[in-house]
Structures are given as C-alpha cells and as structure tokens.
Amino acid sequence: WAGLALSEATLPWYVTENNSERPWAEHLAAGEHAARRALALDSANVRAWVALGTVHRDRRQWPEAEAAFSRALALDPDDAEANQQYAEYLEYVGRIAEAVDMARRAVELDRVPVRLNVAATSELLNGRYAEASAMFDAADRLDPTDRGQFIKRNMLRAYLSRSDWTAARALLGRFSGEDHEALRAAGATWPPDSPPTPEVAERITEWYPAAGAIAWMTLGRRERAIAALQEAVDAHYGATLFFWLPALEPLLDDPAVKALLKRANLEGARPRRTAP
C-alpha cells in the first residue's frame, strides 16, 4: 500500500507534459487512500508518510504536508525519498536555505538524477547559479536521455537566469521528440550571443511557462512575464516554486502576482535564502 501510495502521488511528475489519462486530482486521491491504508496497517511506515506529505504538498495544503514529512523524517532521518520530497516542499513555500540542506542530504544518501535535479533547483532558487549548473550537468551526465526532460527544462531556467545566452540557445536543440520540434526550431532562430527574441520567448513560454517568464523579464516585458506565471499556476505543474526564482523576485510586489500567491495559499510569503 505504501508503494502504491508513493507511485500514485508522484506519477504525474514523470509523465511528459502531465498527459496522464487520469486527472492530477485523481492520482492524489488514490495516493492518499493507499497511504492511509498503509498507515492503518503500520503507523510507522515511512514511505506512507512521505506519500501523504507529497499529496498534501501538491494540493498546496502546506501545514498538513509539513506534519507528514516531519513524521517521516522522525521515523527515519536517513530515508532519501523523505529528504528529497521534504526539500521540494521547502522549495515550494520559499524556505530555500533549508531546502538546500535537505536536498544535499538526499543526494548524499542516494546520488541519482532525480535527487541531483532537486538539489540543483534549490541552488537555482538560492541564486547560486554556478552550483546549480554543476548539479544539473551531473544529473544530465547520469541520464542524458532524460525521458521526462525535467533536468533540461531546469537547466534552461538556470542559463536564462544567469544570462548565458549561448548555453540556453544550444540547450533548446537538445530537447528531443516531436513535441519539442518547434522548441528546437526556435533555438535555430536565436541570434548568437544575444538575449532571446520575443518569438523565441513566446515559444519557450508555450512549453515551459516559468522559463518563459524569465525570458520575458530579460526583455523588460513585466506584464508578459506575469502572464507566463499565470499560465504556470493554471497548469498546476509545480508552479508554486517558480515564484522564488531570483530573476522573478521584482514581480513579487505586483498585485497580480500577490493574487497568484494567495491562490497558492502562500499569501505574504517571501523567499528565505542563504545569506551571502
């Protein structure tokens, strides 16, 4: 039951563009049901608590998620999955400095691409682009096929955040599959050593709205960046953590972004990063 719970809770993340035949909410409901069945049989089952925390996190039920993850880690502080999923929760609620520590611990316990990806994302949110890029590169080397292409899309955010136009342009050409044909074509039209053109920014937004928001910010298009964030929130797909990207922090006091934060149950939240 615990294995089924964690599978249901995490499956939508591993399906490209979330094209599962079942809605996200159904996966979460099934995950919660299985987790509670497991806990009824064994209240000390760590994976069941991790699954329950993941369900609450992805429903944006932050206090309930915190309680479930804390229970899992109290039972086994060396469970890599518990460390990783809790790190992702911390990223979502803006507790970036804590997320960095938890994500690094997950990598120490189990150095696989998915955990390196989370650790790199925490460094990206922390504004440490060199560290983030190094971890993304390590994950990419371990899994160059990257079937979900999560690593590459996060690498794109890192390159855009540090204005590394050459690397960002080259990366677009590495997205595979027919679904990304237009994205690869956009990379071919990107002028060398230059910021993305509006046409390229539009194409990036179509596929990865949070990365598109950064692209629009580099072009000075605040309103278009906010619209891209709106698209990310509407799609649900992990959108809440993108508010804390340093490149987007100038938008946090905009009334439209405040409204998005309120929708995500994060009203008044601010990122807490590692001190320089």
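Helices here are DSSP runs of H or I with at least four residues, numbered from the N terminus. The model shown in these views is predicted.

**Figure 1. The whole chain is a helical fold with zero strands.** The secondary structure comes to 15 helices. The protein has 276 residues, and its radius of gyration is 18 Å. A compact globule with that number of residues would have a value near 19 Å, so the two agree. Taken along the principal axes, the C-alpha atoms fill a box of roughly 60 × 40 × 40 Å. Of the 276 residues, 55% count as buried. Take the contacts between residues at least 6 apart in sequence: 54% of them join residues at least 24 apart. The protein exposes about 11,700 Å². Carbon and sulfur atoms supply 52% of that area.

**Figure 2. Two aromatic pairs share Tyr89.** A pair of aromatic rings is described by the distance of the centres and the angle of the planes. The protein has seven aromatic pairs. One of them is Phe69 with Tyr89. Their ring centres lie 6.1 Å apart and their planes meet at 50°, so this pair is tilted. Phe69 sits in helix α4 (residues 62-75) and Tyr89 in helix α5 (residues 80-92). The pair thus links distant parts of the chain, 20 residues apart. Phe69 has 1% relative accessibility and counts as buried. Tyr89 has 4% and is buried too. Tyr89 also pairs with Tyr86. Here the centres are 5.7 Å apart and the planes at 10°, so the pair is stacked. The cut-off for stacked is under 30 degrees. Tyr86 and Tyr89 are three residues apart in helix α5, so about one helical turn separates them. An α-helix has 3.6 residues a turn, so residues three or four places apart point the same way. Tyr86 counts as buried, at 9% relative accessibility.

**Figure 3. Five aromatic residues form one cluster.** The members are Trp62, Phe69, Tyr86, Tyr89 and Tyr92. Among them, Phe69 and Tyr89 make the tilted pair. Tyr86 and Tyr89 make the stacked one.

**Figure 4. His56 is buried in helix α3.** The helix spans residues 46-58. His56 has a relative accessibility of 8%; buried means under 20%, so His56 qualifies. Which residues does His56 touch, not counting those up to four places away in sequence? They are Arg36, Gln61, Glu64 and Ala65.

**Figure 5. Helix α13 is mostly covered.** It runs over residues 209-218, and nine of its ten residues are buried. The buried set starts with Pro209, Ala210, Ala211, Gly212 and Ala213. Ile214, Ala215, Trp216 and Met217 complete the set. What covers these buried residues? The cover includes α9 (150-161), α12 (198-207) and α14 (222-235). Gly220 follows α13. Its phi is positive, near 75°.

**Figure 6. A nonpolar patch lies on the surface.** Trp1, Leu4 and Leu41 make this patch. Its area is about 350 Å². Leu4 belongs to helix α1 (residues 2-10). Is Leu4 buried, partly exposed or exposed? Its relative accessible area is 44%, so Leu4 is partly exposed. Patch residues need over 30% relative accessible area, a cut-off that the 44% of Leu4 passes.

Key:
Residues are numbered from 1 along each chain as its sequence is written. This is a predicted model: local features need pLDDT of at least 70, side-chain atom pairs count only at pLDDT 80 or more; totals for chains, interfaces and linings use all residues. Side-chain values use heavy atoms; hydrogens and water are left out. Patches are made of residues with over 30% relative accessible area and no salt bridge: like charges are joined within 9 Å, nonpolar side chains (Val, Leu, Ile, Met, Phe, Trp, Tyr) within 5 Å. Accessible areas come from the Shrake-Rupley method with a 1.4 Å probe; for residues, only the protein chains shown count as cover. A salt bridge is a side-chain nitrogen of Lys or Arg within 4 Å of a carboxyl oxygen of Asp or Glu. Helices (H or I, at least four residues) and strands (E, at least two) are DSSP runs, numbered from the N terminus. Buried means under 20% relative accessible area, exposed over 50%, partly exposed in between (1.4 Å probe, protein chains only). The radius of gyration is taken over C-alpha atoms; the globule rule is 2.2 Å times the number of residues to the power 0.38. Contact means heavy atoms within 4.5 Å. Rings of Phe, Tyr and Trp (its six-membered ring) pair if their centres lie within 6.5 Å; planes under 30 degrees apart count as stacked, over 60 as edge-to-face and the rest as tilted.
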